[in-house]
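User: I am new to this structure and would be grateful for a close look at one strand and its surroundings. Please treat the part in a connected way.

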Amino acid sequence: MHDAYGVKLVHGGEDYFARLEKLIAHAEHEIHFQTYIFDNDETSKRITAALIKAAQKGVSIYLVVDAYGSKHMGGLANQLTAAGVKLRIFGTVYTGRKWAWGRRLHHKIVVIDRCMALVGGINISNHYSGMDGKTPWLDYALLVEGPVCKDIFKVCKQIFTQWYIPQSRRLRLFEKHTPTQHKQHIQLLQNDWLRGKNQIARAYIKAINAAKKEVIIANSYFLPGSRFRKALKNAAKRGVKVKILLAGTSDVPFAKKAIEYLYSYLLRNKIEIYEWQPSVLHAKIACIDGKWCAVGSYNLNFLSAYASIEFDISVIDDAFCTRFSNHLNTMLKQQCVKVVSPALHSLNPLKKFSLWASYVLIRLSEGLLTTFPGQRLFNKNRYA
């Protein structure tokens, strides 16, 4: 558990990118920046320009992007390295020792001077900013201040250097911000199955098992395992209002079909389903009883659980979580469509078969992708 001097909810779109640009501009010492997607479009060029400007005034910048997610980065990589940005590309298909098809760096973290951090699910692309004139994809981040950022920095440093900093090593904190009166309790949660970290998966299930009134989950690629589905089922059976917000329109249509296969199970167990309408849903968040919430990069599927390197922050603060819960409930009423059971019963057999086949194929492909990073099927530390 950590104390943060300030935790703010940041919405996708201009809210996020304006804050990010401002943070980069005010950096004085160093920036650690890790993202899955760094595209080659107007948004990426905007952030590239901000990073180059910071590097030119002497700020040390450590940027890590995923090899697959950022495959379209192109000439922006050369511009950044020419300006002095220390750029690393994470992940290859074969490392020389083992296959790693599914192992991806899925972080979306920016740490400024070890005292401020942005953590969430937002990538560097027009899809998330709306600079292409379209409605930004729905996503969130948390802006965190205080000494806890030193620990977020250590997570980024571990990835950048590929070695672990000894716990006894003293890390300098570039303190620039005046602590507020109200401290908020947060947890830093990692999922890196290959290194034995399953903190996000465990935290989700623990919170759901303790839920008394309400569970709200928004997840873009919602294909949870049996243990997670059972936790939701048991919560609903206890009388907890369980609400799942999913994509009305997905950037991966095949995955949406697989997710729709689960609708009958969810509705049968009195779990409410809502579909986001204005744009693509990319959020990975949860809010439980207005007392606990999580925001980050973790998808509820096998890829996040067993292959990708993920990072979430959970907030344990009644005021913050109540505001977040109210925001989500308003959004469910005003901008979402509730899925009802009769519509599913009217599906023709061919459509039902299509959903089933999509689900089976997605699960098989995820199983294949998550087997090679560390040979998951033969590891005794497996966590479902």
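Analyst: Two strands are taken to pair if DSSP finds at least two bridges between them. The model discussed here is predicted. On that basis, strand E3 (residues 30-35) pairs with E6, because 5 bridges join the two, and they run antiparallel. Within this pairing, threonine 35 stands opposite lysine 108 of E6.

Strand E6 itself spans residues 108-112, and 5 of its 5 residues are buried. In a regular strand, side chains alternate between the two faces of the sheet. In E6 both faces are covered: Lys108, Val110 and Ile112 lie on one side, Ile109 and Val111 on the other, and all are buried.

E6 is also joined to strand E7 (residues 116-120) by 4 bridges, and these two strands run antiparallel. Here isoleucine 112 is found opposite methionine 116 of E7. The hairpin of E6 and E7 has 3 residues between the strands, and in it aspartate 113 adopts a positive phi near 50 degrees.

The loop between strand E5 (86-90) and E6 contains histidine 106. This histidine 106 counts as buried because its relative accessibility is 9%, where the cut-off is under 20%. Its side chain forms a polar contact of 2.8 Å with the side chain of glutamate 310. Apart from neighbours within four places in sequence, the residues in contact with histidine 106 are Tyr36, Lys284, Ser297, Asn299, Ser308, Ile309 and Glu310.

Note on methods
Residues are numbered from 1 along each chain as its sequence is written. This is a predicted model: local features need pLDDT of at least 70, side-chain atom pairs count only at pLDDT 80 or more; totals for chains, interfaces and linings use all residues. Side-chain values use heavy atoms; hydrogens and water are left out. Buried means under 20% relative accessible area, exposed over 50%, partly exposed in between (1.4 Å probe, protein chains only). A polar contact is a pair of N or O atoms within 3.5 Å; within protein, one must be able to donate a hydrogen and the other to accept it, and residues adjacent in sequence count only if both atoms are side-chain atoms. Contact means heavy atoms within 4.5 Å.
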